[in-house]
Amino acid sequence: MTFFPNEPIVRWKQEHLPVQDLEGLWTLNWKIGNRQLLHRFYTRIDQIFLIWAGVTTVIFATAQFFPISWTIQAICWTALTALGTACMAGLTWFWVRVEKLRWLVYWWAILMIGGAVLTDLSIFLGWGQILMRLCPLWLGLTALGYIGTGLGMRSRSFILAGIFHLLGIIILPFFPTWQFLITGTIVGIALLLLAELQWDMRETIDYDVLTPEQVEFNFQQRRLCELEDRQKV
């Protein structure tokens with residue numbers, strides 16, 4: 001028995017979703033007459049990726065291009081980070097209960113709030129060594145989050161996302177005047193890819209949160225996914 005699941009690292013999303021993914025699903029289905037223009041769906045986990053992609057874009061683009069006081073930015077971005085963390089906890093709580101992964105919410109909350117506090121202290125107290133390394137700091141914290149997530153979910157996709165962020169730390173010194181833009185781009189690209197693609201993870205450990213009917217529904221959905229995968233081979 002291998003640690004990681006025997007499935008592709010990433011692939012296009014599958015339509016047959018379990019109960020925990022159908023909860024709060026967003027669906028985009030744009031048509032003109034009978035012509036399909038766009039059909040996408042986003043689970044609550046995907047929605048969190050999109051929210052954090054937006055938060056990241058605002059924070060790092062502002063730091064790169066707008067001459068706004070660091071003090072004002074610290075206050076605004078701490079509030080935005082706290083709001084993003086609260087949204088993460090609220091949107092994912094049912095999913096992490098079903099998947100026995102509650103600790104992931106705390107893991108990410110500690111990393112994000114801890115990073116915001118450390119950033120604020122460096123600004124308000126003039127900790128120059130940290131101020132000069134804010135971009136590597138946030139790439140490192142995000143990498144820790146992804147690698148922890150990958151190990152907990154047995155997902156190679158998330159571990160690779162963590163490695164991608166660590167590689168970003170290596171290239172930052174070559175572009176000293178564009179570090180905020182590069183950091184925001186790296187974080188944003190990873191989040192958008194995770195929101196748009198199907199990533200690998202272990203099977204659900206236990207279904208004690210679900211009713212027997214929901215358990216049976218999930219079993220049938222998984223069989224349909226496996227059948228779909230075999231037909232694509």
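Here are a few worked exercises on helix packing and empty space in this predicted model.

Ground rules: residues count from 1 along each chain as its sequence is written, and side-chain values use heavy atoms, with hydrogens and water left out. Since we're on a predicted model, local features need pLDDT of at least 70 and side-chain atom pairs count only at pLDDT 80 or more, while totals for chains, interfaces and linings use all residues.

**Exercise 1.** Work out how helix 6 and helix 8 run relative to each other, and which residues make their contact.

Step 1: find the elements. Helices (H or I, at least four residues) and strands (E, at least two) are DSSP runs, numbered from the N terminus. Helix 6 covers residues 134-153 and helix 8 covers residues 179-196.

Step 2: get the geometry. Axes are lines fitted to C-alpha atoms, for helices over the stretch in contact, with angles from 0 to 180 degrees between N-to-C directions. Here the axes come within 9 Å and cross at roughly 20 degrees.

Step 3: classify. Angles under 35 degrees count as roughly parallel, over 145 as roughly antiparallel, 65 to 115 as roughly perpendicular and the rest as oblique. Helix 6 and helix 8 are therefore roughly parallel.

Step 4: list the contact (heavy atoms within 4.5 Å). Helix 6 brings Cys135, Pro136, Leu139 and Tyr146, and helix 8 answers with Gln179, Phe180, Thr183, Ile186, Val187, Ala190, Leu191 and Leu194. Sort them with Ala, Val, Leu, Ile, Met, Phe, Trp, Tyr, Cys and Pro as nonpolar, Asp, Glu, Lys and Arg as charged, and the others, Gly among them, as polar. You get 10 nonpolar, two polar and no charged.

**Exercise 2.** Do the same for helix 7 against helix 8.

Step 1: helix 7 (residues 156-171) packs on helix 8 at about 165 degrees, with the axes 10 Å apart. That makes helix 7 roughly antiparallel to helix 8.

Step 2: Phe158, Phe164, His165, Gly168 and Ile171 in helix 7 meet Ile182, Ile186, Val187, Ala190 and Leu194 in helix 8. The tally for this contact is eight nonpolar, two polar and no charged.

**Exercise 3.** Now take helix 2 against helix 8.

Step 1: the angle is about 170 degrees and the axes are 8 Å apart, so helix 2 is roughly antiparallel to helix 8.

Step 2: on the helix 2 side, the contact includes Asp46, Phe49, Trp52 and Phe60, and on the helix 8 side, Gly184, Val187, Gly188 and Leu191 are among the partners. The full contact splits into 14 nonpolar, six polar and one charged.

**Exercise 4.** Describe the largest cavity: its volume, its lining and where the lining comes from.

Step 1: set the rule. On a 1 Å grid over the protein atoms alone, a cavity is a set of points where a 1.4 Å probe fits but cannot get out; a pocket is an open set with protein on both sides within 12 Å along at least five of seven lines, and lining residues have an atom within 4 Å of a point. Grid points are joined across faces, edges and corners, and a volume is the space filled by probe spheres set on the points.

Step 2: the count comes to one cavity of 30 Å³ or more, and the largest cavity has a volume of about 720 Å³. Of its 38 lining residues, Trp52, Trp108, Met112, Trp138 and Thr142 are closest to the centre.

Step 3: helix 2 (44-65), helix 3 (70-98), helix 4 (102-124), helix 6 and helix 8 each supply at least two lining residues. Helix 3 has the largest share, 10 residues. By type, the lining divides into 29 nonpolar, eight polar and one charged.

**Exercise 5.** Characterise the linings of the largest and second largest pockets.

Step 1: the largest pocket holds about 930 Å³. It is lined by 40 residues, with Glu7, Arg11, Met201, Arg202 and Arg222 nearest its centre. Helix 9 gives the most, nine residues. The lining has 16 nonpolar, 10 polar and 14 charged residues.

Step 2: the second largest pocket has a volume of about 230 Å³. Helix 7, helix 8 and strand 4 each supply at least two of its lining residues. Phe164, Ala190 and Trp199 are among the residues that line it, and the split is 11 nonpolar, one polar and no charged.
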